[in-house]
Amino acid sequence: MPREATEATTITVRGIEVPKLGLGTWQLTGEDCVEGVRDALDLGYRHIDTAAAYANEEEVGRGIADSGVDRDQIFVVTKVSPRDAAPDDVRRSYERSLRKLGLDHLDLLLLHWPSERVPLADTLGAMGEALQRGATRAIGVSNFPGDLLREALDRGPILCDQVEYHPYQPQPEVLELARERDVLVTAYSPFAQGRALDDPIVREVADDVGRTPSQIVLRWLLDQPQVCTIPKASSRERREENLAVFDFDLSEEHRGRIAGRAERP
Ligand SMILES: NC(=O)c1ccc[n+]([C@@H]2O[C@H](COP(=O)([O-])OP(=O)(O)OC[C@H]3O[C@@H](n4cnc5c(N)ncnc54)[C@H](OP(=O)(O)O)[C@@H]3O)[C@@H](O)[C@H]2O)c1
């Protein structure tokens, strides 16, 4: 990996610049969430991931406001739940999210999961209106496998598919399509919710490179085209550790060993 690629903290997809390392906020609630978001922004995070379903948008918004960081420096993502996939509910959902977050626009509005009830075209139509009205700078999907992502791309200007992606969960179809069609893949649960940090191979690579297991997993993800990631961490120390991944390289051999974990979870 050329050094300038390692040092790049943003990725540009469909003309939109996205900070490659964001803060995940699922299960961050109350004052811990306000403080976590404020602190992450203080450390230098510029990408915050929330969702209507996380019931913490107000706290995320307060953290953003308290941080003093300019709104236009932060990439804010929220999600519409599939139970709100009908067009009128989509509208109500993103308007409620904006109100709770205290923002006049989002950077990315995602459909959290595919809906079994509402045709995708209808949901994406209402999300497209949000885009036209300036309520969000981009729209996308989450938890869409390759075939559904292809369908979504045929129906709207999809910037992103946010999917579970870590050393135990490969996403070959989504990644291939993302490269073909210039789509951002946001890797959620990058540590397999902590499991990957105890992995013996990840630990061996960490010892080899002289970095921590979390940094190894994040560097492995960020070395891949079209990929950004949103680890969640509850303490300042861990948030700081997770952000310190733009100044070291993995070898081809290290990357191969980590990718190989997907075959033996
Ligand atoms: N679109 C979706 O359907 C979807 C689904 C799941 C998640 N997400 C998003 O992805 C984000 C991240 O995923 P996740 O929360 O499921 O799991 P994750 O980021 O893979 O792992 C979080 C776990 O790792 C621990 N951790 C973090 N940094 C660490 C470090 N440096 N050293 C040791 N342990 C560390 C955390 O502990 P502490 O918290 O105790 O520090 C927490 O237990 C979520 O917050 C959410 O924003 C999206």
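What radius of gyration would a compact globule with 265 residues have, and what does the chain have? A compact globule would be near 18 Å, and the chain has 18 Å, which agrees. The radius of gyration is taken over C-alpha atoms, and the globule rule is 2.2 Å times the number of residues to the power 0.38.

Before we zoom in, please note that this is a predicted model: local features need pLDDT of at least 70, side-chain atom pairs count only at pLDDT 80 or more, and totals for chains, interfaces and linings use all residues. Residues are numbered from 1 along each chain as its sequence is written.

**View 1. The whole chain has 11 helices and 10 strands.** Helices (H or I, at least four residues) and strands (E, at least two) are DSSP runs, numbered from the N terminus. Along its principal axes, the C-alpha trace spans about 55 × 40 × 30 Å. Of the 265 residues, 45% are buried. A residue is buried if 20 or more other C-beta atoms lie within 10 Å of its own, exposed if 12 or fewer, and partly exposed in between, with C-beta atoms placed from the backbone. Two residues are in contact if their C-beta atoms, placed from the backbone, lie within 7 Å. Among contacts with a separation of 6 or more, 73% join residues 24 or more positions apart.

**View 2. Helix 3 covers residues 57-67.** Here you can find the buried residues Glu57, Glu59, Val60, Gly61, Arg62, Gly63 and Ile64. The buried residues of this helix pack against helix 2 (30-43), strand 4 (47-49), strand 5 (75-80) and helix 4 (87-101). Just after helix 3 comes Gly68, with a positive phi of about 75°.

**View 3. Val77 sits in strand 5.** Val77 has 26 C-beta neighbours inside 10 Å, so it counts as buried. Setting aside neighbours within four places in sequence, Val77 is in contact with Ile48, Asp49, Thr50, Asp107, Leu108 and Leu110. One of these partners, Ile48, is 29 residues from Val77 in sequence, with the two C-alpha atoms 6.2 Å apart in space.

**View 4. Leu111 belongs to strand 6 (residues 108-111).** Is Leu111 buried or exposed? With 28 C-beta neighbours inside 10 Å, Leu111 counts as buried. Its contacts, leaving aside neighbours within four places in sequence, are Val80, Ala85, Thr123, Met127, Val141 and Ser142. For a wider sense of place, Arg38 is 73 residues from Leu111 in sequence and 26 Å away, C-alpha to C-alpha.

**View 5. The loop between strand 9 (184-188) and helix 8 holds Ser189.** Most residues other than glycine have a negative phi. Ser189 is not a glycine, yet its phi is positive, at about 45°. Ser189 is buried, with 21 other C-beta atoms within 10 Å. Ala192 is found in the loop between strand 9 and helix 8 too, and its phi is a positive value near 50°. With 19 other C-beta atoms within 10 Å, Ala192 is partly exposed.

**View 6. Helix 8 (residues 200-209) packs with helix 9 (residues 213-222).** Their axes are 8 Å apart and meet at an angle of about 95°. That makes helix 8 roughly perpendicular to helix 9. Axes are lines fitted to C-alpha atoms, for helices over the stretch in contact, and angles run from 0 to 180 degrees between N-to-C directions. Angles under 35 degrees count as roughly parallel, over 145 as roughly antiparallel, 65 to 115 as roughly perpendicular and the rest as oblique. From helix 8, Val202, Arg203, Val205, Ala206 and Val209 meet Pro213, Ile216 and Val217 of helix 9. By class, this contact has 7 nonpolar, no polar and 1 charged residues. Ala, Val, Leu, Ile, Met, Phe, Trp, Tyr, Cys and Pro count as nonpolar, Asp, Glu, Lys and Arg as charged, and the others, Gly among them, as polar.

**View 7. Ile201 is another residue of helix 8.** Ile201 counts as partly exposed, with 17 C-beta neighbours inside 10 Å. Not counting residues up to four places away in sequence, Ile201 touches Arg257, Ile258 and Arg261. The C-alpha atoms of Ile201 and Gly260 are separated by 9.5 Å, although the two residues are 59 apart along the chain.

**View 8. The ligand is surrounded by 26 residues.** The closest are Gly24, Trp26, Tyr188, Phe191 and Lys232. A residue is near a molecule if its C-beta atom, placed from the backbone, lies within 6 Å of it. Helix 10 (residues 236-243) gives the largest share of this shell, 3 residues. By class, the shell divides into 9 nonpolar, 13 polar and 4 charged residues.
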